[in-house]
Amino acid sequence: MLTGKCYCGKIKYEISSEPISVVHCHCGNCKRSVGGPFTTWVVVTESSFAVTSGELKTHLTEGRVHRGFCDNCGSSITYNPLKSDTIDITAGTLDDPDSVSPKKHIWDRKRIKWITMDDDLPHFSEWSQNAEPIE
Ligand SMILES: [Zn+2]
Ligand SMILES: [Zn+2]
């Protein structure tokens, strides 16, 4: 069981199954909406994610994804595509981020040039589905 919360603690959540994946996303949407130079997402099935305290405020982005955040402190917590049964959770809001392991970088073509990581993970130019990693 993974648990997490927003900065102020109004929103608390649980994840009841193993993550499907953990990705570093360098896309422009994540930069603007989360505020960091990239965002690390824990991808889980929607049915395994539960808010146990408070209520996520959502913002519809790109017409197809609800981003969930705390309306008190502003912490970004979820990325929830409407046409998918998965939901992404910001790794930074986990109580124990060391308990998950990033698997890849996506949207590498949008990566800020001063972000370099020698983590030996595959990099994908855009979304990784059906794509070959780039060198
Ligand atoms: Zn909060
Ligand atoms: Zn992104």
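## Val 34, the sheet and the core

Let us start at one residue: leaving out residues up to four places away in sequence, Val 34 touches Thr 39, Ser 76 and Thr 90. The model behind this report is a predicted one. Val 34 itself sits in helix 1. Is Val 34 buried or exposed? Val 34 counts as buried because it has 21 C-beta neighbours inside 10 Å, and the cut-off for that label is 20 or more. If you would like a longer-range distance to check in your viewer, try Val 34 and Lys 113: 79 residues separate them in sequence, and their C-alpha atoms are 18 Å apart.

Next comes the sheet. It is open and made of seven strands, which follow the order 6-7-8-9-4-3-10 with mixed pairing. At its edges are strand 6 (57–61) and strand 10 (104–106), each of which pairs on one side only. On average, and with direction ignored, neighbouring strands of this sheet are turned by 30° against each other.

Here are three of the strand pairings, each with one residue pair to look up.

| Strands | Sense | Bridges | Residue pair |
|---|---|---|---|
| Strand 4 and strand 9 | antiparallel | five bridges | Val 44 and Ile 87 |
| Strand 7 and strand 8 | antiparallel | five bridges | Arg 67 and Tyr 79 |
| Strand 8 and strand 9 | antiparallel | two bridges | Thr 78 and Ile 89 |

Two hairpins are worth a look here. Strand 7 and strand 8 form a hairpin with six residues between the strands, and in this hairpin Gly 74 takes a positive phi near 85°. The hairpin of strand 8 and strand 9 has four residues between them.

Now for the nonpolar core. How many residues does the largest one have? It has 25 residues, and those with the most contacts inside it are Cys 25, Trp 41, Val 42, Val 44, Phe 49, Ile 77 and Ile 89. Two or more residues each come from strand 2 (12–15), strand 3 (21–25), helix 1 (28–34), strand 4 (39–45), strand 8 (76–81) and strand 9 (86–90).

Ile 89 ties the two topics together. As the bridge partner of Thr 78, Ile 89 belongs to strand 9, and Ile 89 is also among the core residues with the most contacts. Which residues does Ile 89 contact, leaving aside neighbours within four places in sequence? They are Gly 4, Ile 15, Trp 41, Val 42, Val 44, Phe 49, Ile 77 and Thr 78.

Technical notes. Residues numbered from 1 in each chain as written. Chains lettered and ligands numbered in written order. Predicted model: local features only at pLDDT ≥ 70, side-chain atom pairs only at ≥ 80, totals over all residues. Core = buried A, V, L, I, M, F, W, Y, C linked by C-beta atoms within 7 Å. Buried ≥ 20, exposed ≤ 12 C-beta atoms within 10 Å, placed from the backbone. Contact = placed C-beta atoms within 7 Å. Pairing = 2+ DSSP bridges. Axes fitted to C-alpha atoms, helices over the stretch in contact; angles between N-to-C directions.
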